[in-house]
Amino acid sequence: MTAATTPQVPVEALIRPAEPCVIVIFGAAGDLTKRLLLPALYNLKQSNLLRQEFAIIGVAHTPMSQDDFRSKLAQDIHEFATVPVEEHLWQPLEQQLYYLAGEFQEADTYHQLQDLLTQVDQDCGTQGNYLFYLATASNFFCDIITQLGAAGLVREDNNQWRRVIIEKPFGHDLDSARALNKSIGAVLEEKQVYRIDHYLGKETVQNILVFRFGNGLFEPIWNREHIDHVQITVAETVGVEGRGNFYEGTGALRDMVQNHLFQLLAMTAMEPPISFSADEVRDEKSKLLKSIIPLTAEAVQTDTVRGQYGAGTVKDTQVPAYRSEPRVASDSTTETYAALKLNIDNWRWAGVPFYLRTALESTRRTAISGFG
């Protein structure tokens with residue numbers, strides 16, 4: 001059969017509803033759930049990609065009844081949905097929401113979760129397939145995975161599958177990342193683990209690959225002979241928004257640069273992969289990141305900037321300085337703004353500086369105080 005007569009498979013034929021399952025979201029009362037996870041699940045519902053045999057269990061520290069949890073998420077979806085919310089779609093999904101309040105380090109939380117999963121399997125016909133989403137601070141990852149293993153909740157029997165999604169940041173340095181991988185490997189098989197950066201799900205980010213490799217006009221000029229420099233900016237319009245405890249221990253460098261911005265850098269500058277399979281794309285990203293020239297102590301002084309936002313105005317509303325936010329130290333030196341210049345030592349990008357920037361509350365009409 002010639003290429004001209006090869007039948008084209010419609011995209012719709014490649015997309016099918018997910019299997020029956022329960023998604024257990026640890027940290028379900030947090031920012032990630034309301035801003036990203038809940039809207040994404042609603043979009044799947046609207047696209048007819050969630051089966052009837054489906055449920056969501058939220059697990060968090062916050063004392064809350066199941067009705068309160070459903071009311072909270074109903075309010076959140078109307079605020080953060082990316083499409084108009086249709087009540088005839090939302091109402092059935094709302095009835096598939098369950099909630100469990102508990103501490104992530106305590107075994108009793110997981111015994112209660114086991115009982116609730118059994119109940120949900122019976123009520124919703126989810127067939128014992130569980131997806132655990134760790135939308136928590138990274139210091140809870142090891143505790144949650146260890147407790148899931150001890151409770152037998154990630155054991156796969158009778159054709160049932162169990163998966164764990166681990167959000168960034170994956171550790172705070174190389175040693176902690178290796179320790180986390182070791183803890184994961186003691187409980188889970190590699191095929192059960194998804195380490196993700198939710199930023200890669202953004203449409204603009206996904207379009208980078210199409211922009212680069214789907215247009216033959218760009219590849220001949222995508223190099224140091226035709227590009228003077230590259231700037232990558234991630235500007236957030238929100239501030240800490242009650243996440244003071246989290247942000248004080250993280251800062252812009254760990255929250256944005258080492259993951260989101262480096263992913264964008266890798267997608268922008270990597271060599272063409274031989275295919276767009278996950279392994280091939282990952283290998284090319286890895287090669288690119290290894291080509292970055294490490295910053296010396298002297299280069300840190302000249303090629304990096306850190307700062308904090310001060311008090312200012314956003315959309316005609318007065319907003320406080322970072323140090324005045326709840327659960328932020330009055331003398332905090334945690335950066336909410338970070339910028340750095342990097343150089344890549346390979347044939348394509350030698351001599352082309354890459355400028356990376358990120359900031360919270362980037363729409364404020366105020367100066368950012370710099371330090372470091």
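**Talking through a sheet and its salt bridges**

Biologist: In what order do the 6 strands of the open sheet lie?

Modeller: Happy to start there, with the reminder that this is a predicted model. The 6 strands form an open sheet, and their pairing is parallel. Reading across it, the order is β3-β2-β1-β4-β5-β6.

Biologist: Which strands are the edge strands?

Modeller: An edge strand here pairs on one side only. That description fits the strand at residues 97-101 and the one at residues 193-195. From one strand to the next, by the way, the twist averages 20 degrees. The edge strands you asked for are β3 and β6.

Biologist: Which residue in β3 stands opposite Gly 58?

Modeller: Let's begin with strand β2, which covers residues 54-60. It runs parallel to β3, and 5 bridges join the two. Opposite Gly 58, in β3, stands Tyr 99.

Biologist: Helix α5 packs on the sheet, so what angle does its direction make with that of β3?

Modeller: Helix α5 spans residues 107-124 and touches β1 (21-26), β2, β3 and β4 (130-134). Comparing its direction with that of β3 gives about 165 degrees.

Biologist: Let's turn to salt bridges. Is Arg 155 buried or exposed?

Modeller: The structure holds 15 salt bridges, and one of them brings together the side chains of Asp 157 and Arg 155 at 3.2 Å, N to O. Asp 157 has 35% relative accessibility, so it counts as partly exposed. Arg 155 reaches 52%, and the cut-off is over 50%, so Arg 155 counts as exposed.

Biologist: And Arg 348, which meets Glu 219 in a salt bridge: is it buried or exposed?

Modeller: These side chains come to 2.9 Å, N to O. Glu 219 sits in the loop between α8 (203-213) and β7 (230-235), while Arg 348 is in the loop between β11 (337-342) and β12 (354-359), 129 residues apart. Glu 219 is partly exposed at 26% relative accessibility. Arg 348 has 2%, and the limit is under 20%, so Arg 348 counts as buried.

Biologist: Which residues do salt bridges that share partners join into one network?

Modeller: Arg 348 also forms a salt bridge with Glu 271, with the closest N and O atoms 2.7 Å apart. Glu 271 lies in the loop between α10 (251-269) and α11 (278-290), 77 residues from Arg 348, and is partly exposed, with a relative accessible area of 23%. Through shared partners, the network's members are Arg 212, Glu 219, Glu 271 and Arg 348.

Conventions:
Residues numbered from 1 in each chain as written. Predicted model: local features only at pLDDT ≥ 70, side-chain atom pairs only at ≥ 80, totals over all residues. Heavy atoms only, no water. Pairing = 2+ DSSP bridges. Helix = DSSP H or I, 4+ residues; strand = E, 2+ residues; numbered from the N terminus. Axes fitted to C-alpha atoms, helices over the stretch in contact; angles between N-to-C directions. Contact = heavy atoms within 4.5 Å. Salt bridge = Lys/Arg side-chain N within 4 Å of Asp/Glu carboxyl O. Buried < 20%, exposed > 50% of the residue type's maximum accessible area, 1.4 Å probe, protein only.
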